[in-house]
Structure formats: structure tokens, C-alpha cells
Amino acid sequence: DCAKGTGCNFDKELIWTSTPYVPCNATSNSDDDGSDGNMYCINGGVVSGYSPLCTCTCPTGYGGADCTSCPTGYSGTPP
């Protein structure tokens with residue numbers, strides 16, 4: 001049973017869960033995979049979503065799950 005203030009919420013499919021929504025945050029720690037709301041996302045990438053389904057949307061010229069590689073059609077090595 002969930003009591004008010006215990007962190008119980010509906011998940012994104014509107015199923016009651018004891019796991020609260022945790023908004024995703026961008027970090028510079030390459031070990032952060034989004035499972036706890038911390039998502040490695042650099043080079044101007046924008047993090048969105050809720051843990052554990054964090055995503056990093058990369059600006060033009062960057063690609064990969066964390067904006068550390070070149071997307072298809074680009075060459076070189078991002079900083």
C-alpha cells in the first residue's frame with residue numbers, strides 16, 4: 001500500500017507503481033546510463049525523459065546515445 005508522500009506514483013502507462021518519476025538530468029560522468037535519472041550527455045546534447053528511459057538529443061554534427069560521435073554523413077572526431 002502506498003501512503004501520501006511515500007514516492008508512489010503512476011508510471012507513464014498510468015499503472016500504479018511504488019517507483020516515482022525521476023526526471024532525467026545531463027551529466028558529464030560517462031558512467032551515467034540514465035537508469036537513475038542521470039544521463040551522460042555532452043557537446044550540447046539535451047536530455048529528456050524519465051528514469052530509466054532517458055534520452056540525449058544531439059545538436060547537428062554530433063551523434064550517438066551521448067553525443068560523443070559523429071552521426072551518419074559526418075566525419076572527424078567530436079571534441
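Here is a quick tour of this chain, from its overall build to its disulfides, its core and one buried aspartate. Keep in mind that the model is predicted. The chain is built from strands, with 6 of them and 0 helices. A search of the whole structure also turns up 3 disulfides, and cysteines show up again in the largest nonpolar core.

**Overall build**

- Walk along the sequence and you get the pattern β-β-β-β-β-β.
- The chain has 79 residues, and 24% of them count as buried.
- Its accessible surface adds up to about 5,300 Å², with carbon and sulfur atoms supplying 52% of that.
- Take the contacts in the chain with a separation of 6 or more: 21% of them are between residues 24 or more positions apart.

**The Cys24–Cys54 disulfide**

- Cys24 and Cys54 are bonded through sulfur atoms that sit 2.0 Å apart.
- The pair ties together parts that are 30 residues apart in sequence, because Cys24 is in the loop between strand E2 (16-17) and strand E3 (25-27), while Cys54 is in the loop between strand E5 (46-48) and strand E6 (55-57).
- This disulfide is left-handed, since the torsion about its S-S bond is about -85°.
- Both of these cysteines, Cys24 and Cys54, are buried.
- Cys54 has other company too: leaving out neighbours within four places in sequence, its contacts are Cys24, Gly34, Gly37, Met39 and Ser48.

**The Cys41–Cys56 disulfide**

- Cys41 is joined to Cys56, with an S to S distance of 1.9 Å.
- Here the link is between parts 15 residues apart in sequence, because Cys41 lies in the loop between strand E4 (38-40) and E5, and Cys56 lies in strand E6.
- The torsion about the S-S bond of Cys41 and Cys56 is about 70°, so this disulfide is right-handed.
- Cys41 and Cys56 are buried as well.

**The Cys58–Cys67 disulfide**

- The sulfur atoms of Cys58 and Cys67 are 2.1 Å apart, and the two residues form a disulfide.
- With a torsion of about -105° about its S-S bond, the Cys58 and Cys67 disulfide is left-handed.
- The two ends have their own surroundings: Cys58 is partly exposed, at 23% relative accessible area, whereas Cys67 is buried, at 0% relative accessibility.
- Another cysteine to look up is Cys70, which is partly exposed with a relative accessible area of 25%.

**The nonpolar core**

- As a general rule, nonpolar side chains in soluble globular proteins tend to be buried together.
- In this chain, the largest nonpolar core has 7 residues: Cys24, Met39, Cys41, Val47, Cys54, Cys56 and Cys67.
- Two of its members, Cys24 and Cys54, are disulfide partners, and Cys41 and Cys56 are also joined by a disulfide.
- Met39, another core member, is among the residues that Cys54 contacts.

**A buried aspartate**

- Asp32 sits in the loop between E3 and E4.
- Its relative accessible area is 18%, and under 20% counts as buried, so Asp32 is buried.
- The side chain of Asp32 makes a polar contact of 2.7 Å with the side chain of Thr27.
- Setting aside residues up to four places away in sequence, Asp32 touches Thr27, Asn38, Met39 and Tyr40.
- Met39 is worth a second look, as Asp32 touches it and Cys54 is in contact with it too.

Notes: Residues are numbered from 1 along each chain as its sequence is written. This is a predicted model: local features need pLDDT of at least 70, side-chain atom pairs count only at pLDDT 80 or more; totals for chains, interfaces and linings use all residues. Side-chain values use heavy atoms; hydrogens and water are left out. A nonpolar core is a set of buried Ala, Val, Leu, Ile, Met, Phe, Trp, Tyr and Cys residues joined through side-chain atoms within 4.5 Å. Buried means under 20% relative accessible area, exposed over 50%, partly exposed in between (1.4 Å probe, protein chains only). Contact means heavy atoms within 4.5 Å. Helices (H or I, at least four residues) and strands (E, at least two) are DSSP runs, numbered from the N terminus. Accessible areas come from the Shrake-Rupley method with a 1.4 Å probe; for residues, only the protein chains shown count as cover. A disulfide is a pair of cysteine sulfur atoms within 2.5 Å. A polar contact is a pair of N or O atoms within 3.5 Å; within protein, one must be able to donate a hydrogen and the other to accept it, and residues adjacent in sequence count only if both atoms are side-chain atoms.
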